[in-house]
Amino acid sequence: MKKETAIRLTLLGLAMSTVTALAVITTFILKEGVPVMFRQGPAQFLFGTEWRPSAEPPVFGVWAMIVGSFAVTAGALAIGFPVGLGSAIFLSEFAPRRIAGLLKPALELLAGIPSVVFGFMGMLVLLPWIRAHVGGPGASVLAGSIILGIMILPTVISISMDALRSVPRSYREGSFALGATGWQTTWRVTLPAARAGLVAAVILGMGRAVGETMAVIMVTGNTVQIPRSITQPVRTLTSNIALEMNYADGEHREALFATGVVLFAIIMILNTIANAVSRLGRRS
Amino acid sequence: MTPLIEAKGFGVSIGGAAVLRGLDLHVMPHEILSIIGPAGSGKTTFLRCINRLSDLVPDLAVSGVLTLEGRGVFAPETDLADLRRRVGMVFAVPIPLPRSIYENVVFGPRLLGIRDRSRLDAIVEKTLRAAVLWDEVKDRLGTSGTKLSGGQQQRLCLARVLALEPKVLLLDEPCSGLDPISTAKIEEALQELKPQLSVVLVTNNVKQAARSSDRTAFLLMGELVEHGRTAEMFTSPTDTRTNDYISGKFG
């Protein structure tokens, strides 16, 4: 009995460590980041387009970075979601078992490639290609979108596949038995029934894209500006922190933590939406 | 009269294990054939071969002959969508699609490209009446099919199959989850449908077979033990195993 209690308490402690880590990180970021936001004025900080940490007095406005993060993320979804959903439909609805058995591990391997390798490939192959065939300096929203679009594929595909697979087989059989073809069944029955899970796939893919740092730094050029076309360089929220944290001190360092607060809020909102949507889907 | 469905030496194996062996059985136009037998006797497998839902089972192989209206069901030129429209199926567990009653019924006709609203309305009323459901749902055709009771859902599934005007109706233990009143309504619907089509009724309920079918076939472990007119088979079965099963000694 004693032993049971001891084991249970140990396991409880281990489980709580995750929550504790989250609490510590959250508190730390908020404590470091929030004061500078208020000194600067929250609206000025969020919607200001000037980021001049070495000016006198320094100006911190992250709007260009927010726009940059969303531009690159939207582009990543525009590329990654159709490809990912198509792959998921193929793998779960149409692929013969042997082909699915080959593709699934390949996909997991893609998820395991370090992001610096993606960035490296982007710099070597993608940037020169964009410079030559699309225009601009190469490092751009477009380059970030393409690289991130590929990087979110494993997330989008595996969550979409889970969503499609959780549609009862009986729905498909009922549809087939009414003379529907494979595609008609997918389009009219399986996809609508899996809708909630597919939305979750989009949102979690977004979360992955918003949070990615290394590959993005390497291919987006990192200029603080609101991009006027997809061939212009941008800086994202994550890049901003990673690029400047090395040498920042004082208020500048606090402003980088404040950038982290914004990022944190965006990801929290996305996760909450994803959870709410998949819970709604399960109920209906 | 020539049979509508005919199986000659028809066999099925799944992953190498025989599920049905040397089946010789036919279904005439406008008759109700019930297939009885204990679980695992191959009843459902046979049913799923007639509309080729068997294709969804991996490693399933067939042998022998199975024809519908004289054409081989497993012939390479068979158009699956067309076959499944001529052979409607109702499953053991009613599974309305997660959409309205109306949309459930017109799902098949819409696939055929019928868009004219008045024609669709007519189909909905006609088939829901045929499935003895119209009076219960006529005022709420827009509500979700999944909100109906189990018995109503099963009749909705029957209606949506009828909307395709099939030649054959395959019923896979359609009343296994239903109360006696719903069961009676389904059986009533079947009798009224007989002038239009043939019915193959797989059932675990021996009494249902006795009540509602013209002929009965008894399957056991993948083999056809006996088949004949229902009245004769239930009063004087020729095989002792049939007698044991229908009298409730096993099964």
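A residue counts as buried here when its relative accessible area is under 20%. Keep that cut-off in mind, and keep in mind too that this is a predicted model.

Let's start with chain A as a whole. Its secondary structure comes to 13 helices and two strands, and the C-alpha trace spans about 75 × 70 × 30 Å along its principal axes. Of the 284 residues in chain A, 45% are buried. If you take the contacts in chain A with a separation of 6 or more, 71% of them join residues 24 or more positions apart.

Now zoom in on helix α6 of chain A, residues 141-151. It's mostly covered, with nine of its 11 residues buried. Those are A:Val141, A:Leu142, A:Ala143, A:Gly144, A:Ser145, A:Ile147, A:Leu148, A:Gly149 and A:Met151. And what does the covering? Helices α3, α5, α7, α10 and α11 of chain A are included in the cover over these buried residues.

One of those neighbours, α5(A), is worth a closer look. Two packed helices are described by the angle between their axes and the distance between the axes. For α5(A), residues 115-133, against α6(A), the angle is about 140° and the axes are 10 Å apart. Angles over 145 degrees would count as roughly antiparallel, so at about 140° this pair is oblique instead. The crossing of α5(A) and α6(A) is right-handed. On the α5(A) side, the contact is made by A:Ser115, A:Phe118, A:Gly122, A:Leu126, A:Leu127 and A:Ile130, while α6(A) brings A:Leu142, A:Ala143, A:Ile146, A:Ile147, A:Ile150 and A:Met151. By class, that's 10 nonpolar residues, two polar and no charged.

Two other helices from that cover, α3(A) and α7(A), also pack against each other, at an angle of about 45° and with their axes 8 Å apart. That angle makes α3(A) oblique to α7(A), and the crossing is right-handed. From α3(A), the residues that meet α7(A) include A:Gly80, A:Phe81, A:Gly84, A:Ala88 and A:Leu91. Among their partners in α7(A) are A:Val156, A:Ile157, A:Ser160 and A:Leu164. The whole contact has 11 nonpolar, five polar and two charged residues.

Still in chain A, look at A:Thr185, which sits in helix α9, residues 182-193. Is A:Thr185 buried or exposed? It counts as buried, because its relative accessibility is 2%. Leaving out residues up to four places away in sequence, A:Thr185 touches A:Arg172, A:Ser175, A:Phe176, A:Ala180 and A:Thr190.

Over in chain B, B:Gln208 is found in helix α8, residues 206-212. B:Gln208 is buried as well, with a relative accessibility of 3%. Its C-alpha atom is 8.8 Å from that of B:Ser34, although the two residues are 174 residues apart along the chain. With residues up to four places away in sequence set aside, B:Gln208 touches B:Cys175, B:Thr183, B:Glu187, B:Leu201, B:Thr203 and B:Ser213.

B:Cys175 leads us to the cysteines. How many disulfides does the structure hold over all chains? Zero. Take B:Cys157: the closest cysteine sulfur to its own is the one in B:Cys175, and at 12 Å that is too far for a bond, since a disulfide needs the two sulfur atoms within 2.5 Å. B:Cys157 is buried, at a relative accessible area of 5%. B:Cys49 is buried too, with 0% relative accessibility.

Note on methods
Residues numbered from 1 in each chain as written. Chains lettered and ligands numbered in written order. Predicted model: local features only at pLDDT ≥ 70, side-chain atom pairs only at ≥ 80, totals over all residues. Heavy atoms only, no water. Buried < 20%, exposed > 50% of the residue type's maximum accessible area, 1.4 Å probe, protein only. Axes fitted to C-alpha atoms, helices over the stretch in contact; angles between N-to-C directions. Helix = DSSP H or I, 4+ residues; strand = E, 2+ residues; numbered from the N terminus. Parallel < 35°, antiparallel > 145°, perpendicular 65-115°, else oblique. Left-handed = near helix turned anticlockwise from the far one by under 90°. Contact = heavy atoms within 4.5 Å. Nonpolar A, V, L, I, M, F, W, Y, C, P; charged D, E, K, R; others polar.
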